[in-house]
2 protein chains.
Amino acid sequence: MSSQRFTPTLNDVAQQAGVSTATVSRCLNSPERVIESTRNKVFEAINSLGYSPNFGARVMAARRTNTIGAIIPTMENAIFARGLQAFQEELRMQGYTLLVASSSYQQDIEEEQIRSLVARGADGLLLIGHDRKSDICQFLETQDVPALVAWTHDATARLPSIGFDNRKSMQALATHVLEMGHRRIGVISADTNTNDRARLRVEGIRDACRVAHLNPDALQIIQTTYGIESGAKAFAELISGPNHPTAIMCGNDVLAVGAMKQARDMAIDVPKDVSITGFDDIELARVVTPALTTVHVPHRDMGRRAAQTLINMVVSKTAVSSVELSTDTCLRGSLAPPPAP
Amino acid sequence: MSSQRFTPTLNDVAQQAGVSTATVSRCLNSPERVIESTRNKVFEAINSLGYSPNFGARVMAARRTNTIGAIIPTMENAIFARGLQAFQEELRMQGYTLLVASSSYQQDIEEEQIRSLVARGADGLLLIGHDRKSDICQFLETQDVPALVAWTHDATARLPSIGFDNRKSMQALATHVLEMGHRRIGVISADTNTNDRARLRVEGIRDACRVAHLNPDALQIIQTTYGIESGAKAFAELISGPNHPTAIMCGNDVLAVGAMKQARDMAIDVPKDVSITGFDDIELARVVTPALTTVHVPHRDMGRRAAQTLINMVVSKTAVSSVELSTDTCLRGSLAPPPAP
DNA sequence: GTCACCAATGTAAGCGCTTACATCATCATT
DNA sequence: AATGATGATGTAAGCGCTTACATTGGTGAC
């Protein structure tokens, strides 16, 4: 019960218990290898000293951490939340700890975070999307840290991925929109240069146009950042131009919800005057009025399987192949035929 | 360009560059102390080897990490997202890295995460709320890791806090509700046993009742978990009882939005038939129809100031005093006088 | 009684890094 | 030319832990 500031070490515990440091270490790591009476003495000492092992030292000596790192573009909205929560729950169950960092959708920050988590001894990494410089992949290979990409699927990419086909999923939704009779389509997307999910989703819409013999270049596309306010602003812009779209397809639900809010503020009726669609099917989609037509992504399943896959990669040190999950188109109230001309 | 799996160390770099390990270390930590020509040689070696410092070793030798840990109850919804994002941005600006862990609103998991982050060398910790066992506070003191509590304010608590008065804020909102004429009030709250914010908010409603000479025990309170679906379910329960409330006050916006969704599904008009209020003023609140009456919490400001305060604690190793931020009541469409009897 | 064997514990060598201190060259000052 | 600053670099001692290997003493087989 000394009140001085002093952090007890393994050595202190050993002395207090009258054993060697090796024995204390064994008590902590493989208790069955030390006889009960000794073990009791040691744990008594540990408690009375308030000892807690130093992680850094431990890692250095044992060279593994049971830690998985995840770097997501943002924590600010719910896109990644559900999947990540499932990811973490599964990891916990298997005895791993999750460390999360966010990159604010910026490649250089992501790179910095990757290095930081690797340096901290992450045994494996979960990343979002395939858009990153190849030297950082090289770095991961050199360091021998397995990495898994989620939220997208690309069997040809350098890193294995577990996710869905953003392009195909969006094409399916766009096909519905076109079949309803819409011909002037607006798109609100995130930056397609640095965000492969956004890029692929836009490509999916273009694919659908081609199939329907429409000129994909006629799409009115606005690129912005993910966020409700951005969606609102982009909607206002699209809708106030001449020849404005009768359907606005958004790169995700957050943008779509922003668009719907703006529509309401401008007294534009959804879906009578204009249809709006999203992507992700986060909880939000069912909360707004009318409910949002969107693409359902199996976030929890993806998160759980990502955890299993990544642990597998870490443990077996072998490569795994990419997994494609399927999505569903969710038709809800925000999509209807275009108004009569 | 060797392809074998081998992680280069400081020593390898030193040899490759023909200098001592000390010089390499200096290049990394205080480059101005190394002459340019040497520095170039070293960085060349670093790049050609793909060297990346080992964090554990570094921490052990230098005994600080420039890392701040945060443990939040959940990542699953947006309650903590905005504040945490601001927290992280401020930390980054000051050269600190943020590590986030989540506790799923469970005390024992929180404790485990605290130990884990401390063991990983977090220089300081951000925690949410004051409800935790005292031995874990003792642990933090022994380990000499400063911790700051956010999302609530309590000048008398053991740990310093930066936040707002949950009780007073909710009382202010409840007073509005009562002034509008509501007499039968329902409450949807998170678990008040383990969540001090939830407890204080309910207390605030009771305070308002007392002031209005109403019996606080007449409140119809349902405790549930935070989540849209939970809110919906609780709403259905409250509304279908006899003598059902004319106003339902929710512990946060997420619950409130769930309640509104359920109202819509049950064809109950908000606010004509029943009023609904939230707490937090997350983006969601302005997206639903009608917009949600709630308490505005200055999340970003709180996050930013928490970062500054915590860094200050870490650097100066001195205690700081708690800071109280003020909240605003946001009156929006979801609150109206009760229907005529 | 001797020996081999085994379980319990101790000894000590690192793990990769930082940093106090020592060394050495350089250069302005006297 | 001798002196002392000054700045650049090297030397080596840990940081707290794990673990291969060494030691010890007790067991049962012969």
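What share of the contacts in chain A with a separation of 6 or more comes from residues 24 or more positions apart? In this predicted model, such pairs account for 69% of those contacts.

**Chain A, drawn as a cartoon.** Select chain A and colour by secondary structure: 13 helices and 12 strands should appear. Reduce the display next to C-alpha atoms, which occupy a box of roughly 90 × 40 × 30 Å along the principal axes. The radius of gyration of chain A is 26 Å, whereas a compact globule of 341 residues would have a value near 20 Å.

**Chain A, surface and interior.** Turn on the surface of chain A, of which about 14300 Å² is exposed. Carbon and sulfur atoms supply 49% of that exposed area. Colouring by burial then shows 57% of the 341 residues of chain A as buried.

**Chain A, charged side chains.** Select the charged residues of chain A, which carry 34 positive and 36 negative charges. The mean positions of these two sets lie 4 Å apart.

**Both chains together.** Bring chain B into view and superpose it on chain A: a turn of 180° with a shift of 0.1 Å along the axis gives an RMSD of 0.3 Å. The two copies are therefore related as by a two-fold rotation axis.

**G56(B) and the contact residues.** Select G56(B), whose C-alpha lies 1.9 Å from the rotation axis, the closest approach of any residue of chain B. Finally, select the contact residues of chain B; 100% of them recur in chain A, so that the same surface serves both copies.

Definitions and conventions:
Residues are numbered from 1 along each chain as its sequence is written. Chains are lettered from A and ligands numbered from 1 in the order in which they are written. This is a predicted model: local features need pLDDT of at least 70, side-chain atom pairs count only at pLDDT 80 or more; totals for chains, interfaces and linings use all residues. Side-chain values use heavy atoms; hydrogens and water are left out. Copies are superposed by least squares on the C-alpha atoms of residues with pLDDT of at least 70 in both. Contact means heavy atoms within 4.5 Å. Helices (H or I, at least four residues) and strands (E, at least two) are DSSP runs, numbered from the N terminus. The radius of gyration is taken over C-alpha atoms; the globule rule is 2.2 Å times the number of residues to the power 0.38. Buried means under 20% relative accessible area, exposed over 50%, partly exposed in between (1.4 Å probe, protein chains only). Accessible areas come from the Shrake-Rupley method with a 1.4 Å probe; for residues, only the protein chains shown count as cover. Lys and Arg count as positive and Asp and Glu as negative; His and the chain ends are not counted. The place of a charge is taken as NZ of Lys, CZ of Arg, CG of Asp or CD of Glu.
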